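Here is a short briefing on one protein chain. Start with the fold, then turn to the arginines.

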Amino acid sequence: MNSFWGCGFAAADPKSCPLDQREGPPGRDFAAYGLDCSVADRTGLRAEPSRTCVGCRGTDSWSALLRVVAEKDADAPGSTPVHLRPDPGHRLPGRGAWLHPRPECFELAVRRKAFGRALRLQAPVDISAVARHLGIQHP
């Protein structure tokens, strides 16, 4: 795993990072500040980016959440439903909504109509592909 510092040393050995070897303020080292180059971002405050689940509104790391994107049919007229597509690789283009991959969070998001709001959609939303991805029988 590469470090967020961009030094690349964390992949082989976290102790070989140049930031761990340079001197900090007199009488202190970087470990005293709680800085571990193998897991910290540039600010040293968090391990990885956090996102908010549209269902339960809880925050979690982006790797623990499922990204959902809107996929519009270019041939269909404007009033057709917009299909939501799960993006487990977090690579599809466009605005994304984040969801814990749990049935409770999915049901909360559907009940609150959170997908349309998070993705800034005016058209009706088809959630069947996300339900299939989560293994949920949804009408």
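Along the sequence, the chain runs α-β-β-β-β-β-α-α-β-α. That pattern comprises 4 helices and 6 strands. The model is predicted.

**Overall build**
- The chain has 139 residues, and 29% of them count as buried.
- Among contacts with a separation of 6 or more, 59% join residues 24 or more positions apart.
- About 9000 Å² of the chain is exposed, with 51% of that area supplied by carbon and sulfur atoms.

**Positive patch**
- Arg57, Arg111, Arg112 and Arg117 form a positive patch on the surface.
- Arg117 lies in helix H3, which spans residues 114-118.
- Arg117 counts as exposed because its relative accessibility is 53%, and the cut-off for exposed is over 50%.
- Arg57, another member of the patch, sits in the loop between strand S1 (50-52) and strand S2 (59-61).
- Arg57 has a relative accessible area of 52%, so Arg57 is exposed as well.

**Positive phi outside glycine**
- Arg57 is not a glycine, yet its phi is positive, at about 65 degrees.
- Arg120 is not a glycine either, and its phi is positive at about 55 degrees.
- Arg120 is placed in the loop between H3 and strand S6 (125-126).
- Is Arg120 buried or exposed? Arg120 is exposed, because its relative accessibility is 61%.

Technical notes:
Residues are numbered from 1 along each chain as its sequence is written. This is a predicted model: local features need pLDDT of at least 70, side-chain atom pairs count only at pLDDT 80 or more; totals for chains, interfaces and linings use all residues. Side-chain values use heavy atoms; hydrogens and water are left out. Patches are made of residues with over 30% relative accessible area and no salt bridge: like charges are joined within 9 Å, nonpolar side chains (Val, Leu, Ile, Met, Phe, Trp, Tyr) within 5 Å. Accessible areas come from the Shrake-Rupley method with a 1.4 Å probe; for residues, only the protein chains shown count as cover. A salt bridge is a side-chain nitrogen of Lys or Arg within 4 Å of a carboxyl oxygen of Asp or Glu. Lys and Arg count as positive and Asp and Glu as negative; His and the chain ends are not counted. The place of a charge is taken as NZ of Lys, CZ of Arg, CG of Asp or CD of Glu. Helices (H or I, at least four residues) and strands (E, at least two) are DSSP runs, numbered from the N terminus. Buried means under 20% relative accessible area, exposed over 50%, partly exposed in between (1.4 Å probe, protein chains only). Contact means heavy atoms within 4.5 Å.
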